[in-house]
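Here are a few short exercises to work through with the model open in your viewer. Try each task before reading its solution.

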Amino acid sequence: MAQALIIVDVQQDFCEGGALAVAGGAQVASEISEFLEDSYAEFDAILTTQDWHIDPGPHFSATPDFKVSWPEHCVAGTPGAELHPNLDTEHVDARFLKGLYSDGYSGFEGLEGDPEKVGSLEGENGTKVGPAAAITEGSADLHTWLRAQDIDAVTIVGIATDHCVRATVLDAVENDFRVRVIRELTVGVSEDSVAEAYEEFDAAEVEVLSLEDL
């Protein structure tokens with residue numbers, strides 16, 4: 001069974017000091033890095049997802065309800081959209097960008113991209129690469145990429161347990177992957193909604209593990 005690790009949205013805007021910070025986000029970034037240092041070889045692929053918002057419509061609001069609308073965050077090409085510096089990306093094989101023109105909660109809405117090239121110059125005329133060009137035409141979505149690598153099981157960690165981690169987990173189940181979640185390597189927004197997310201994981205037969213179980 002080929003296994004991928006999916007690291008969901010460990011971005012600066014979702015950690016302390018960011019536009020939509022989750023308490024404990026920076027610590028989870030560090031703990032994921034520590035986990036990777038010891039365990040990266042156990043995975044056939046290691047992937048990250050990132051919110052990469054260009055014009056997500058009503059997902060952004062000046063008067064957000066924090067349910068379906070939110071303050072501006074993870075705007076493509078800005079520091080807030082970057083992966084948190086506590087997250088070691090040495091072993092990351094691919095990055096998936098999501099939510100360019102939509103909510104983009106699930107990693108399975110993401111397309112493979114290269115956010116690092118934004119702002120660089122390309123071509124004979126030295127054209128500056130814009131945020132949308134981080135994803136090239138024909139880029140694979142997450143599901144297609146995983147199947148092309150013969151991945152049939154995924155372990156999911158990241159931010160936030162009750163939002164983008166939840167959506168990614170449930171989409172992975174829907175797409176017939178065997179799914180695990182490592183509890184200590186995720187962090188959520190509220191205790192109540194995190195508890196609801198874990199109830200959904202249990203109903204979907206997701207394997208929720210602690211680090212000591214590994």
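**Exercise 1. A residue in a strand**

Task: Find the place of Val 181, decide whether Val 181 is buried or exposed, and list its contacts beyond the neighbours within four places in sequence.

Solution. Keep in mind that this is a predicted model.

Step 1: Val 181 has its place in strand β8.

Step 2: The relative accessibility of Val 181 is 0%, and buried means under 20%, so Val 181 counts as buried.

Step 3: With neighbours within four places in sequence set aside, Val 181 touches Ile 156, Val 169, Thr 186, Tyr 198, Phe 201, Val 206, Glu 207, Val 208 and Leu 209.

Step 4: For a long-range check, take Leu 83: Val 181 is 98 residues from Leu 83 in sequence, and their C-alpha atoms are 20 Å apart.

**Exercise 2. Two helices side by side**

Task: Work out how α3 and α4 are oriented and which residues meet between them.

Solution.

Step 1: Two numbers do the job here, since a packed helix pair is described by the angle between the axes and the distance between them.

Step 2: For α3 (residues 164-174) and α4, the angle is about 10 degrees and the axes are 11 Å apart. That angle is under 35 degrees, so α3 is roughly parallel to α4.

Step 3: On the α3 side you'll find Arg 166, Val 169 and Leu 170; they meet Ala 197, Glu 200 and Phe 201 of α4. Sorted by class, the contact holds four nonpolar, no polar and two charged residues.

Step 4: Now look at what α3 buries: Cys 164, Val 165, Ala 167, Thr 168, Val 169 and Ala 172. The buried residues of α3 pack against α4, and also against β1 (3-8), β2 (45-51), β3 (94-98), β7 (153-159) and β8 (178-187).

**Exercise 3. Rings and charges**

Task: Classify the aromatic pairs Phe 66 with Trp 70 and Tyr 198 with Phe 201, then look for Arg side chains over rings.

Solution.

Step 1: The model has five aromatic pairs. One of them joins Phe 66 and Trp 70, with centres 5.9 Å apart and planes at 90 degrees, which is edge-to-face.

Step 2: Compare the burial of the two partners. Phe 66 is partly exposed at 46% relative accessibility, while Trp 70 is buried at 7%.

Step 3: Tyr 198 and Phe 201 also make an edge-to-face pair, at 5.5 Å between centres and 85 degrees between planes. Both sit in helix α4 (residues 191-203), and because they are three residues apart, about one helical turn separates them. In an α-helix there are 3.6 residues a turn, so residues three or four places apart point the same way.

Step 4: Tyr 198 is buried at 12% relative accessible area, and Phe 201 is buried at 0%.

Step 5: Next come the charges. Arg 183 lies over the face of Tyr 198, 4.1 Å from the ring centre. The charged end of Arg 147 sits over the ring of Phe 177, 3.9 Å from the ring centre.

**Exercise 4. Backbone oddities**

Task: Pick out the cis peptide bond that ends at Ala 160 and some residues with positive phi, including Phe 66.

Solution.

Step 1: Start from the background: most residues other than glycine have a negative phi, and most peptide bonds are trans.

Step 2: The bond from Ile 159 to Ala 160 is cis, with omega near -10 degrees. Ala 160 belongs to the loop between β7 and α3.

Step 3: Phe 66 has a positive phi, near 60 degrees, and lies in the loop between β2 and β3.

Step 4: Cys 74 is in the loop between β2 and β3 too, with phi near 50 degrees. Its relative accessibility is 0%, so Cys 74 counts as buried.

Step 5: Asp 176, which follows α3, has a positive phi near 70 degrees.

**Exercise 5. Two loop residues**

Task: Describe the surroundings of Val 75 and Lys 117.

Solution.

Step 1: Val 75 lies in the loop between β2 and β3 and is partly exposed at 25% relative accessibility. Apart from neighbours within four places in sequence, Val 75 contacts His 53, Phe 60 and Ala 81.

Step 2: Lys 117 is in the loop between β4 (111-113) and β5 (121-122). At 18% relative accessible area, Lys 117 is buried. Again leaving aside neighbours within four places in sequence, the contacts of Lys 117 are Glu 122, Val 129, Ala 133, Ala 134 and Thr 136.

Definitions and conventions
Residues are numbered from 1 along each chain as its sequence is written. This is a predicted model: local features need pLDDT of at least 70, side-chain atom pairs count only at pLDDT 80 or more; totals for chains, interfaces and linings use all residues. Side-chain values use heavy atoms; hydrogens and water are left out. Rings of Phe, Tyr and Trp (its six-membered ring) pair if their centres lie within 6.5 Å; planes under 30 degrees apart count as stacked, over 60 as edge-to-face and the rest as tilted. Buried means under 20% relative accessible area, exposed over 50%, partly exposed in between (1.4 Å probe, protein chains only). A charge sits over a ring if NZ of Lys or CZ of Arg is within 6 Å of the ring centre and within 35 degrees of the ring normal. Axes are lines fitted to C-alpha atoms, for helices over the stretch in contact, and angles run from 0 to 180 degrees between N-to-C directions. Angles under 35 degrees count as roughly parallel, over 145 as roughly antiparallel, 65 to 115 as roughly perpendicular and the rest as oblique. Contact means heavy atoms within 4.5 Å. Ala, Val, Leu, Ile, Met, Phe, Trp, Tyr, Cys and Pro count as nonpolar, Asp, Glu, Lys and Arg as charged, and the others, Gly among them, as polar.
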